[in-house]
Amino acid sequence: MSDDAYCIEAENITKSFFSRGYENTLFSSFSIKVKPGEIIGLYGPSGCGKTTLGDILLGLQFPNKGKIFWNGNDIQKLSRNSRMALRPYFQKIYQDPSTSFPPHQTMEAALTDVVKHNTLTTTKEIIHQKIVTAINDVDLERQLLKRYPRQLSGGEIQRFALSRVLLLKPLFFVADEPTSRLDLSVQARIVRLIMHLAKERRMGVLFISHDLELLKIACKNVLSLAR
Ligand SMILES: Nc1ncnc2c1ncn2[C@@H]1O[C@H](COP(=O)(O)OP(=O)(O)OP(=O)(O)O)[C@@H](O)[C@H]1O
Ligand SMILES: [Mg+2]
């Protein structure tokens, strides 16, 4: 992909919900372009549609109007197979770390599933090595792999969520309020990691937050979704 290409683009998107006969327009004619390695902030008060917009960019919800391009491809024009093939390159980390991983699996089992689903790698040793490298990159100790999600802190789980993103090698990911449930020192650490990884791995990031000061520090541009 050339340096000028956008990993994700949205053109004039509008999203409305109908409830009890009324149309509630969350946003209209919203456009955004993100290049590889760039972090764009998305700011706005609770309920203004930030999560909905992130989900639309990832193809998890559909806009009423407008176009989304993944790596230059209009996703509405892609065949189902082509869209499925591109899907792993467009990822998300969630606001609530505790819902990120299944409660009955150790972290090693959860990450092993991710590697198995997304590569042709089969040997246990190679899979384990990939996982150890990914968790090293987010400063997690390998003995934490034996634990279940309930045995980890919010900050540790959020770093595991980041390591899962790294294993998937996305072109773009949405970080939806990834630090809002964490205390201040852990917040700063997660934000620094996201900034470092985006730049080093050339991933585009949409960083969603209602904390404007945080976004100004972490992001190249901050877009507002206030109505
Ligand atoms: N499927 C749906 N049907 C009807 N209304 C919906 C649907 N999904 C979301 N909404 C409404 O759209 C609005 C925006 O929701 P969204 O979750 O995108 O906001 P947000 O900006 O992410 O808020 P927060 O900062 O609290 O996470 C809310 O009022 C929500 O209730
Ligand atoms: Mg939200």
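How many bridges join strand 3 to strand 9, and in which sense do the two strands run? In this predicted model, four bridges join the pair, and the strands run parallel. One residue of strand 3, Tyr 43, has Ser 224 as its bridge partner in strand 9.

Strand 3 and strand 9 belong to an open sheet of five strands, in which the order is 6-7-8-3-9 and the pairing is parallel. The edges of this sheet are formed by strand 6 (90-93) and strand 9 (221-224). Each of these edge strands has a single partner strand, so one side of each is left without a neighbour in the sheet. On average, and with direction ignored, neighbouring strands of the sheet are turned by 20° against each other. Helix 6, which covers residues 184-201, packs on this sheet and touches strand 3, strand 7 and strand 8. The direction of helix 6 makes about 160° with that of strand 8.

Strand 8 is paired on both sides, as the following two pairings show. With strand 3 (residues 39-43), strand 8 shares five bridges, and the two strands run parallel. Tyr 43 takes part here as well, with Ser 209 as its bridge partner in strand 8. With strand 7 (residues 172-176), strand 8 again pairs in the parallel sense, over five bridges. In this second pairing, Val 174 has Leu 206 of strand 8 as its bridge partner.

The surroundings of strand 8 were also examined. Six of the six residues of strand 8 (residues 204-209) are buried, so the strand is largely enclosed by the rest of the structure. In a regular strand the side chains alternate between the two faces of the sheet. In strand 8, Gly 204, Leu 206 and Ile 208 point one way, while Val 205, Phe 207 and Ser 209 point the other way. The residues of both sets are all buried.

A second sheet, also open, consists of four strands in the order 2-1-4-5, with antiparallel pairing. Strand 2 and strand 5 (73-74) are the edge strands of this sheet, and each pairs on one side only. Within the sheet, strand 1 and strand 4 (residues 65-70) run antiparallel and are joined by five bridges. Ala 10 has Ile 68 as its bridge partner in strand 4. Helix 1 (residues 50-57) packs on this sheet, where it touches strand 1, strand 2 and strand 4. The angle between the direction of helix 1 and that of strand 1 is about 125°.

Two helix pairs, both including helix 5, were then considered. The axes of helix 3 (residues 107-118) and helix 5 (residues 154-168) come within 10 Å and cross at roughly 20°. Because angles under 35 degrees count as roughly parallel, helix 3 is roughly parallel to helix 5. Helix 3 passes helix 5 in a right-handed crossing. On the side of helix 3, the contact is made by Met 107, Leu 111, Val 114, Val 115 and Asn 118. On the side of helix 5, the contact is made by Phe 160, Ser 163, Arg 164, Leu 167 and Leu 168. By class, the residues of this contact divide into seven nonpolar, two polar and one charged.

In the other pair, the axes of helix 4 (residues 124-136) and helix 5 come within 9 Å and cross at roughly 125°. This angle makes helix 4 oblique to helix 5. The crossing of helix 4 and helix 5 is right-handed. Lys 130, Ala 134 and Ile 135 of helix 4 meet Ser 163, Leu 166 and Leu 167 of helix 5. The contact of helix 4 with helix 5 has four nonpolar residues, one polar and one charged.

Two loop residues have unusual backbone angles in the sense that phi is positive in a residue other than glycine. Arg 20, with phi near 45°, lies in the loop between strand 1 (8-19) and strand 2 (22-34). Arg 20 counts as exposed because it has 5 C-beta neighbours inside 10 Å. For Lys 169, phi is also near 45°, and the residue is found in the loop between helix 5 and strand 7. Lys 169 has 14 other C-beta atoms within 10 Å and is therefore partly exposed.

Terms used
Residues numbered from 1 in each chain as written. Chains lettered and ligands numbered in written order. Predicted model: local features only at pLDDT ≥ 70, side-chain atom pairs only at ≥ 80, totals over all residues. Axes fitted to C-alpha atoms, helices over the stretch in contact; angles between N-to-C directions. Parallel < 35°, antiparallel > 145°, perpendicular 65-115°, else oblique. Left-handed = near helix turned anticlockwise from the far one by under 90°. Contact = placed C-beta atoms within 7 Å. Nonpolar A, V, L, I, M, F, W, Y, C, P; charged D, E, K, R; others polar. Buried ≥ 20, exposed ≤ 12 C-beta atoms within 10 Å, placed from the backbone. Pairing = 2+ DSSP bridges.
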